[in-house]
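Here are some exercises to work through with the model open beside you. Try each task before reading its solution.

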Amino acid sequence: MVKPKMKKSEIRERLAIEANRKRKELGIDRTPDFDIVKALINYKKFTIVIAPLGPNTSGICYKNEHVIVVNMNQTLGRARFTIAHELYHYFYGKKGTDYISPTSYNPSKSIEEYEADIFASYFLAPRDDFFQFIFEEIRKSTKFKLVDILKIEQHFMMSRKSTLIRLKDDGFIGDYEFSMYENGAIMQAKTNGYQDSLYRQWCAEPTTLGYYLNATKSLYEQNLISKSKHDELLIEAFRTDIVFKENGVIND
Ligand SMILES: [Zn+2]
C-alpha cells in the first residue's frame with residue numbers, strides 16, 4: 001500500500017511547533033533580532049565557519065562534528081536563514097550524513113530541503129509572533145505596502161525573499177505582490193530610513209567562530225599540541241588575526 005503523502009499544511013504545522021521547541025532548547029527568547037551565531041555557540045559545541053562556497057551552495061552541515069559552514073557571499077538576512085536551515089539538518093537529518101544545501105528555492109528539491117526552509121522561516125519568525133506582529137503593527141485589513149514588508153523583514157531580520165515567501169505561504173500576499181516587491185530592497189530600505197546591513201554581505205572576510213577556537217586553545221594549554229600546530233590550526237580556520245595578534249579595535 002502506498003503511504004499517503006503528508007499535506008504541506010500538516011508539514012508546516014509540525015515544523016512551526018518543532019521550530020518553537022528548538023528555539024526554547026537553544027535558550028532563545030522572543031527577541032526577534034536575536035544573534036543566531038551566539039545562540040548556537042552558547043548552546044553546544046558548535047563551530048560556525050563563514051567561508052566562500054561558490055554561487056550554488058548556501059551552507060553545509062557536518063552533523064557529527066557539530067560544524068555549520070555558511071557561504072560568506074550572502075546577505076545578513078540570508079545568512080541567518082541559512083544557519084537556521086542547516087540547524088534543521090543538524091537536528092532532524094539522517095545520522096552520520098553531511099548536508100550540502102543548494103542556494104536556490106527550487107520546489108522540486110528534496111523534501112528535507114523543503115522542510116529545512118520551512119523550519120528556518122519559523123525558527124527566525126515563530127508563527128504566533130509573526131501573526132501577532134502583522135495584526136498589531138500592520139493591520140490585516142490593508143493591502144501590504146512596501147513599508148509593511150520593510151517593517152516585517154527588519155523586525156525579524158529576514159531576507160526580502162524569505163519574508164515574501166513566508167507572507168505568501170501564510171496567505172497575506174499573492175504572486176503579484178511577490179514579484180512587485182522582490183527586488184530593490186537596499187534602496188527601499190535606505191529611502192525609508194533603515195540601515196541597509198540586512199541586505200548587504202554578512203562577512204567580508206572568511207572566519208571561524210565557536211568551539212574550534214576553544215578546542216585549539218585548550219589543546220595548546222594542555223601541551224597536547226605545539227605552538228606551531230596551534231598556529232597552523234588557526235590559520236586553517238582563517239584566524240590569522242589571532243596568530244598574528246591583529247587588533248582592529250579603535251576603542252572599545
Ligand atoms: Zn539543506
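**Exercise 1.** Which residues does F123 touch, not counting residues up to four places away in sequence?

*Solution.* A few ground rules come before the steps. The model is a predicted one, so local features need pLDDT of at least 70 and side-chain atom pairs count only at pLDDT 80 or more, while totals for chains, interfaces and linings use all residues. Numbering starts from 1 along each chain as its sequence is written.

Step 1: apply the contact criterion, which asks for C-beta atoms, placed from the backbone, within 7 Å of each other. Leaving out residues up to four places away in sequence, F123 touches A19, K22, R23, A84 and L87.

Step 2: place F123 in its wider setting. The largest nonpolar core has 48 residues, and F123 is listed with I68, A84, F119, A120 and L124 as those with the most contacts inside it. Such a core is a set of buried Ala, Val, Leu, Ile, Met, Phe, Trp, Tyr and Cys residues joined through C-beta atoms within 7 Å. At least three residues of this core come from each of domain 1 (8-124) and domain 2 (127-196).

**Exercise 2.** Trace the strand partners of β2.

*Solution.* Strands are DSSP runs of E with at least two residues, helices are runs of H or I with at least four, and both are numbered from the N terminus. Two strands pair if DSSP finds at least two bridges between them.

Step 1: take β2 (residues 57-62) and β4 (residues 98-102), which pair in the antiparallel sense over five bridges. Here G59 stands opposite S101.

Step 2: turn to β3 (residues 67-71), which runs antiparallel to β2 and is joined to β2 by four bridges. In this pair, I60 faces V69.

Step 3: look at the turn. The β2 and β3 hairpin has four residues between the strands, and H66 takes a positive phi near 55 degrees there.

**Exercise 3.** Which residue in the loop between α11 and α12 should you look at next to H66 in a phi check?

*Solution.* Step 1: recall the background. Most residues other than glycine have a negative phi.

Step 2: find the residue. F238 sits in the loop between α11 (227-236) and α12 (240-243), and F238 has a positive phi of about 65 degrees although it is not a glycine.

Step 3: check the surroundings. A residue is buried with 20 or more other C-beta atoms within 10 Å of its own, exposed with 12 or fewer, and partly exposed in between, C-beta atoms being placed from the backbone. F238 is partly exposed because 15 other C-beta atoms lie within 10 Å. H66 is partly exposed too, with 18 other C-beta atoms within 10 Å.

**Exercise 4.** Is N192 buried or exposed?

*Solution.* Step 1: locate N192 in the loop between α9 (185-191) and β5 (207-210).

Step 2: count neighbours. N192 has 12 C-beta neighbours inside 10 Å, so N192 counts as exposed.

Step 3: list contacts. Not counting residues up to four places away in sequence, N192 touches V147 and L150.

**Exercise 5.** How many helices and strands does the protein have?

*Solution.* Step 1: the tally is 12 helices and five strands.

Step 2: the radius of gyration, taken over C-alpha atoms, is 20 Å, close to the 18 Å that the globule rule (2.2 Å times the number of residues to the power 0.38) gives for 252 residues, so the protein is as compact as a globular protein of that length.

Key
Domains from an automatic or database assignment. Contact = placed C-beta atoms within 7 Å.
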